[in-house]
Amino acid sequence: MERGDPAEDDANGSIDESALLSSFEQPSVSSTNNEDSQSPNALRHLIKWTWYRTKELWSQLTLSEVSGSVGDLGTLIPLTIAMARQRSIYLAPALFFAGLSNIITGYSWDVPMCVQPMKAIAAVAISEALSVEQVTAAGMWMGVFCVVLGITQLIELVNIIVPVTVVSGLQLGVGLRLAGTGIVMISDLPWVSQADCILLAILLSLLCMFWLREPNEAYTPFVRTWRNKICCVDARGQQPVGLYLLLLGVMFAAIELSTTDNENGQYDLPLQLFGAPIATNAITSITWQDWKVGLLQGAIPQLPLTTLNSVISVCCLAHQLYPEKRHSSSTTDAVVSRREVCISVGLMNLVFCPFGSMPNCHGAGGLAAQHRLGARHGASVVFLGINKVFLAIFFGASALTILDAIPNAILGIMLAIAGQELSTTGFTLLLSSSSPNDKLQLRKNTVICIVTAMVIVGLGATHYGALSGWAVHMIYGDGLTDFYRWLREVDWRHCWRKRQSESREDSQVCAVGTGHETEHSANMSDTSSDPVLSMEVEPISSASSSV
């Protein structure tokens, strides 16, 4: 059933989600007693919307959605294990609040919007051995920054300044770096001396490429027959590759934990049920030094990565992957708005980090990985969130042992698939940003994209790559030309005169009172009728505004 179809909604007994939302989001202008009487009504509408949204998610939960839900585990598991092993996070609260964030995200948006650790903060925490208090402080700093950027809509200014070619370079560079991380993880393994080996990774990678072939290809009868025999479902459908890899990883982990002698104490055995709190007070022990370290070493390096990759790039990616979900009735046709995503990241950290959550964000890499493995709706991330919460509650004390026993060969393949999908999407965005007949413009855009990706891959710093790409866009590309054209199109003298006139009229209204309100409205209507004074300021780059 498609969302927003009134006929089908009435036939199946469901109601329109937007109507429910608008009904309890309308501001009240009545008295205090009337507002109190309407509060239970708003609560009933919220409960009703949650119930129908739950039924919708249940109807969308297919084998393909389950497969796509594990697409981001290649990033989640290595970072989470590494930070938990050196006591930079509390594992059980980190899993619990990450799962809770997944559930809220899946209910809010009908796209597989992932929730993953903030990579810059995680990298600094692992390399510099930051304490739990310092990591918590970094997450709360990021929460404040993102909430301010979202509420004030300064994130839109960042979107205007950053061109689409830099965004495509970010996707290409981050994707190549993710894939490179997975390949390096596999290369450190032995060839065949143990179960977790390079040969296993090679066999799995070939099988995954066979499963992930595009369904519209003209297969020969031989390939089509054997593809149906090897795969568990029809070859014309999307294969749940992520589910296959996860089940295989759990099987290897169970064999490893049941057969190991654990002489060197690698695993914390035997496994225990419960025993670990899912929430803790992580803010009372933070000192001023922890706030300083969290700001300088954690939040500041993470801020460019979050604004570009976790907000701008992920919204652009969702706009590309799900054109059928674009909101044509609103002021923008974005699948998810940058303001919503930015505020979501901010609240996620500002509210949950004081209770033991690790710093989390959304990300283009996770969205690309989940889409590649079959996810298309919010049901996939809700399913993943429920499993995270279940693991934190029942196996919180032994979750680290279970995750650590999953073979690196499987995690490396997950990372490689995620990186390949994100890089391919970035390259496709680059090609679509230029006319195929304008080879000069295509070359300029390619140079900007490649420079951005090279710096990200070479230095491992996304913010350096974004700054480098933006500088190349301004100097080598059309950045200065667009900026000069924007300055020429704006008549600053008339804009200043309009602002001064409005200021004088407002002061007269405040001094005299309601007697001048009619005159003020007439003056404002005359001003708005002037085509010069009512001219809107155009954005600097038309290509970047489409992101």
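This passage walks through a predicted model of a protein chain, from its overall make-up down to a few single residues.

Starting with the big picture, the protein chain has 25 helices and just two strands to go with them. Of its 547 residues, 46% are buried. Contacts across the sequence are a main theme here: among contacts in the protein chain with a separation of 6 or more, 80% are between residues 24 or more positions apart.

One helix stands out for how it is wrapped up. Helix 16, residues 364-372, has nine of its nine residues buried, so the rest of the structure largely encloses it. The buried set runs through A364, G365, G366, L367, A368 and A369, and goes on with Q370, H371 and R372. Among the elements that cover these residues are helix 4 (63-69), strand 1 (116-117) and helix 10 (164-187). Helix 14, helix 17 (379-395) and helix 19 (408-432) are also included in that cover. Right after helix 16 comes G374, whose phi is positive, at about 120°.

Two of the covering helices can be looked at through one residue each. In helix 17 sits S380, which counts as buried because its relative accessibility is 0%. Leaving out residues up to four places away in sequence, S380 touches E65, S69, P112 and A375. In helix 10 there is S168, and this serine counts as buried too, since its relative accessibility is 1%. With residues up to four places away again set aside, S168 touches G426, L429, L430 and C449.

Next come the helix pairs. Helix 14 (residues 288-321) and helix 15 (residues 338-352) have axes that come within 9 Å and cross at roughly 140°. That angle makes helix 14 oblique to helix 15. The crossing of the two is right-handed. On the helix 14 side, the residues that meet helix 15 are T306, S310, V311, I312, V314 and C315, and on the helix 15 side they are R338, V341, C342 and V345. Sorted by class, the contact between helix 14 and helix 15 is made up of seven nonpolar, two polar and one charged residues.

A second pair is formed by helix 20 (residues 439-459) and helix 21 (residues 462-475), with axes that come within 8 Å and cross at roughly 155°. Helix 20 and helix 21 are therefore roughly antiparallel to each other. Here, too, the crossing is right-handed, with helix 20 passing helix 21. From helix 20, the contact takes in V447, I448, V451, T452, V455, I456 and L459. Their partners in helix 21 are T462, Y464, G465, A466, S468, G469, V472 and H473. By class, the contact of helix 20 with helix 21 has nine nonpolar and six polar residues, and no charged ones.

Aromatic rings add another layer. Searching the whole structure turns up seven aromatic pairs. In one of them, the ring centres of F96 and F97 are 5.2 Å apart and the planes sit at 80°, so this pair is edge-to-face. Both F96 and F97 are buried. Ring pairs also bring in F352, linking F96, F97 and F352 into a cluster.

Two partly exposed residues round out the picture. R85 lies in helix 5 (residues 73-85) and is partly exposed, with a relative accessible area of 39%. Its C-alpha atom is separated by 8.1 Å from that of L400, although R85 and L400 are 315 residues apart along the chain. Apart from neighbours within four places in sequence, R85 is in contact with Q266, L400 and D404. The other residue, Q153, lies in the loop between helix 8 (132-151) and helix 9 (154-161). Q153 has a phi near 60°, which is a positive value in a residue other than glycine. With 42% relative accessibility, Q153 counts as partly exposed.

Note on methods
Residues numbered from 1 in each chain as written. Predicted model: local features only at pLDDT ≥ 70, side-chain atom pairs only at ≥ 80, totals over all residues. Heavy atoms only, no water. Phe/Tyr/Trp six-rings, centres within 6.5 Å; stacked < 30°, edge-to-face > 60°. Buried < 20%, exposed > 50% of the residue type's maximum accessible area, 1.4 Å probe, protein only. Axes fitted to C-alpha atoms, helices over the stretch in contact; angles between N-to-C directions. Helix = DSSP H or I, 4+ residues; strand = E, 2+ residues; numbered from the N terminus. Parallel < 35°, antiparallel > 145°, perpendicular 65-115°, else oblique. Left-handed = near helix turned anticlockwise from the far one by under 90°. Contact = heavy atoms within 4.5 Å. Nonpolar A, V, L, I, M, F, W, Y, C, P; charged D, E, K, R; others polar.
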